[in-house]
Amino acid sequence: QCEDIIYEKKFFDEGGVARITMCRTNPAGLNVIRGEGLTGMGAALRDARLDNTIGVVLITGAGDKCFCAGGDVRLEKEGGGEEAFEDLPELELHLRLVGKPVIAVVKGYCIAWGNHMAYSCDFTIAADNAIFGQVGPRVGSPAGGRLVMYLTRVVGAKKAREMWMLCRRYSAQEALQMGLVNTVVPLEKLDEEVDKWCVEILEKNPTCLRILKASFDNEMEQLPGGGPYFQNLIAPGWFRGEEMKEAMQAFLDKRKPDWGKLVRKRPEDFGQA
């Protein structure tokens, strides 16, 4: 049991569908994730893997305005948040091991960890109010390795670099055009569309689907690097360093971080006549 997620199952004539719903919210009412939620999702995916009645897994967020807006920054403010993520095995491994198609069902904000969770799923079905994006360089969260590189397989290298490095926001239609999602439907039609996809998948041979999923997912195994190990190789001592502190404090203060002074060592009289 985990209070950060809701795990439930629904059954059609053709088989069962497991649904994982992220439900921990921040003060703005947006779904966020923390270590306990990641652990809970991993346990739910394991249960779905071992349950032969389940043929499809759905991952979504509670409510209509957010899939997941990333990590819970309250933990960062209190200290220890980034270590919680660093010490946990990557959830994308569980997505591969489940052996069944996984669909990200996106409503509203799909940002940061939420975005790379969604694009790591086999399919993404988005409501027309969905908004996608990354925030890593904006808030000092240096995700690296496979999670970053895999996006190039989804949208191409140029768009992947644009999304990760510039931290722009993209509408559901823009996401569809770049190949980030499979389809976009009106919010009120989302559940109906998801049911159609589930039934269509459940009508297919389970073993063939497992082989196909493993074949596609094998590409991930060829990508070097993985999360914190990649980060520590490129930027040892990042966590709890001055850049990390400035990035998070600036985000919490709703101001721009001063990289010119902190990192690039801008002289005090720089730019003065």
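Is phenylalanine 123 buried, partly exposed or exposed, and what is its relative accessible area? Phenylalanine 123 is partly exposed, with a relative accessible area of 25%. Those words have cut-offs: buried is under 20% relative accessible area, exposed is over 50%, and partly exposed is in between, with a 1.4 Å probe and protein chains only. The areas themselves come from the Shrake-Rupley method with that 1.4 Å probe, and for residues only the protein chains shown count as cover.

Before I go on, some ground rules. This is a predicted model, in which local features need pLDDT of at least 70 and side-chain atom pairs count only at pLDDT 80 or more, while totals for chains, interfaces and linings use all residues. Residues are numbered from 1 along each chain as its sequence is written, and side-chain values use heavy atoms, with hydrogens and water left out.

Back to phenylalanine 123. A pair of aromatic rings is described by the distance of the centres and the angle of the planes. To count here, rings of Phe, Tyr and Trp (its six-membered ring) must have centres within 6.5 Å; planes under 30 degrees apart are stacked, over 60 edge-to-face, and the rest tilted. The structure holds 1 aromatic pair. Its members are phenylalanine 123 and tryptophan 197, set edge-to-face at 5.6 Å centre to centre with 65° between the planes. This pair links distant parts of the chain: phenylalanine 123 is in strand S7 (residues 123-127) and tryptophan 197 in helix H10 (residues 190-202), 74 residues apart. When I say helix or strand, I mean DSSP runs numbered from the N terminus: H or I of at least four residues for helices, E of at least two for strands.

Next, salt bridges. The rule asks for a side-chain nitrogen of Lys or Arg within 4 Å of a carboxyl oxygen of Asp or Glu. By that rule there are 15 salt bridges.

Here is one of them. Lysine 9 and aspartate 47 meet through their side chains at 2.9 Å, N to O. They sit in distant parts of the chain, lysine 9 in strand S1 and aspartate 47 in helix H1 (residues 35-50), 38 residues apart. Lysine 9 is partly exposed, at 34% relative accessibility. Aspartate 47 is partly exposed too, with a relative accessible area of 32%.

Helix H10 comes up again with glutamate 192 and lysine 196. Both lie in that helix, 4 residues apart, about one turn. Their side chains form a salt bridge at 3.7 Å, N to O. Glutamate 192 is partly exposed at 41%, and lysine 196 is partly exposed at 48%.

What about arginine 168 and glutamate 162: how far apart are the closest N and O atoms in their salt bridge? The distance is 3.6 Å. Arginine 168 counts as partly exposed because its relative accessibility is 45%. Glutamate 162 counts as buried because its value is 17%. There is also a network of salt bridges, linking Glu3, Asp4, Arg34 and Glu36.

Now to charges on the surface. Asp13, Glu14, Glu200 and Glu203 gather there in a patch of negative charge. Patches are made of residues with over 30% relative accessible area and no salt bridge, and like charges are joined within 9 Å. Asp and Glu count as negative, Lys and Arg as positive, and His and the chain ends are not counted. The place of a charge is taken as CG of Asp, CD of Glu, NZ of Lys or CZ of Arg. Of the patch members, aspartate 13 is in the loop between strand S1 (5-12) and strand S2 (15-22). Aspartate 13 counts as exposed because its relative accessibility is 83%.

On to the backbone. Most residues other than glycine have a negative phi, and most peptide bonds are trans. Alanine 112 has a positive phi of about 55° although it is not a glycine. Its place is the loop between strand S6 (109-111) and helix H5 (113-120), and alanine 112 is buried at 11%. Cysteine 167 also has a positive phi, near 60°. Cysteine 167 lies in the loop between helix H8 (157-166) and strand S9 (169-171), and is buried with a relative accessible area of 4%.

Last, two valines. Valine 102, in strand S5 (residues 102-106), is buried at 1%. Its C-alpha atom is 9.4 Å from that of alanine 18, with their positions 84 residues apart along the chain. Valine 184, in strand S10 (residues 183-185), is buried at 16%. Valine 184 and glutamine 173 are 11 residues apart in sequence and 7.1 Å apart in space, C-alpha to C-alpha.

How values were computed
Patch = residues over 30% accessible without salt bridge, like charges linked within 9 Å, V, L, I, M, F, W, Y side chains within 5 Å.
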